[in-house]
Structures are given as C-alpha cells and as structure tokens.
Amino acid sequence: YVQSHGFIQSLVLGISGGQDSTLAGRLCQIAVEQLREEGRNVRFIAVKLPYGVQKDADEVEDALKFIQPDETVTVNIKPAVDQSVNALNEAGFELTDFQRGNEKARERMKVQFSIASNKQGIVVGTD
C-alpha cells in the first residue's frame, strides 16, 4: 500500500503491549526499514495511549524494545475521555463501565488518526 501511494511518509500504530499490536508493530518497523532501503523516506511511529497511569506499562515497554520503532509518542487519553464522559453525564446519559471503555477505545483511535494526519501517514490496524 505504501509503495503505491507516494504521499505516505509514516505508519502509525497504538502499542498496548499485547500480542497483536506487538506483532503488527514489529512488522511495520521491518516494512519501513525495507522501504528505506528502496529509497523511500518512511518512518514507523509507535503510540503509547495510557489512560492515566497504565498498570501494565512494563508490558508496553517490553513490546517497544522488541519492535524498535523509529519514534515513540505518548498521549495520555485520560483528560479527553473524562471530559467526554462528563459531557455525556451532564446531558443526562449515565455511562456503564462498558460504555466508558468504548470511550477510551474511540479516543485512542482518534489520537492515532490525528498523528497520522499530522505526519502524512496511515494508521495500521491489528484486525
């Protein structure tokens, strides 16, 4: 995909420390290294997206050591998620734990797309 779209300068992926994002992240880093050997200026940006203090932060760091991304960015999603939940509560919608979890997932995706847009990149999915 990157080879057929010359405008792409980065691959962006949120790293959770789990198997899916770790494998996808390592494949991204290998791909951009190969693309650079072909003369393309492409970087892999790994994104840490904690909600406040992340309990499994050590797993994320282990994954990043394995992936060896070109760049790592950390964006704490807690303020944005809390504001969204508060706004919904003020509008009369009391969210369940499951719904608050979905707010976190949506904010993580939004952040990745914002970074990709800023860095002329694409977001890599793990599905």
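Gln 120 counts as partly exposed, because its relative accessibility is 43%. In this predicted model, Gln 120 is placed in the loop between H4 and strand S4 (121-123). Its phi is near 50°, a positive value in a residue other than glycine.

**Positive phi values**

Gln 68 likewise has a positive phi without being a glycine, and it belongs to the loop between H2 and strand S3 (71-74). A further positive phi occurs just after H1, at Gly 39. The values are set out below.

| Residue | Phi | Place |
|---|---|---|
| Gln 68 | about 55° | loop between H2 and S3 |
| Gln 120 | near 50° | loop between H4 and S4 |
| Gly 39 | about 95° | just after H1 |

**Gln 112 in helix H4**

Helix H4 covers residues 97-118 and includes Gln 112. Gln 112 counts as buried because its relative accessibility is 6%, under the 20% cut-off. Leaving aside residues up to four places away in sequence, Gln 112 is in contact with Val 12, Leu 13, Gly 14, Leu 49 and Val 123. Val 12 lies 100 residues from Gln 112 along the chain, yet the C-alpha atoms of the two are separated by 6.5 Å.

**Nonpolar cores**

In soluble globular proteins, nonpolar side chains tend to be buried together. The largest nonpolar core here has 17 residues, of which Val 2, Leu 11, Leu 13, Ile 15 and Phe 44 touch the most other members. Two or more residues of this core come from each of strand S1 (10-14), helix H1 (19-37), strand S2 (43-48) and helix H2 (57-67). Another core, of eleven residues, lies apart from it and has Ile 45, Val 47, Ile 77 and Ala 116 among its members.

With residues up to four places away in sequence not counted, Leu 11 touches Val 2, Cys 28, Val 32, Arg 43, Phe 44, Ile 45, Ile 122 and Val 124.

**Helix H1**

H1 has 19 residues, which at 1.5 Å a residue should span 27 Å; its end C-alpha atoms are 27 Å apart, so the two values agree. The buried residues of H1 are Ser 21, Thr 22, Ala 24, Gly 25, Arg 26, Cys 28, Gln 29, Val 32 and Leu 35. They pack against S1, S2 and H2. Among them, Cys 28 and Val 32 are contacts of Leu 11. An α-helix has 3.6 residues a turn, so residues three or four places apart point the same way.

Methods:
Residues numbered from 1 in each chain as written. Predicted model: local features only at pLDDT ≥ 70, side-chain atom pairs only at ≥ 80, totals over all residues. Heavy atoms only, no water. Helix = DSSP H or I, 4+ residues; strand = E, 2+ residues; numbered from the N terminus. Buried < 20%, exposed > 50% of the residue type's maximum accessible area, 1.4 Å probe, protein only. Contact = heavy atoms within 4.5 Å. Core = buried A, V, L, I, M, F, W, Y, C linked by side-chain atoms within 4.5 Å. Expected span 1.5 Å × (residues − 1).
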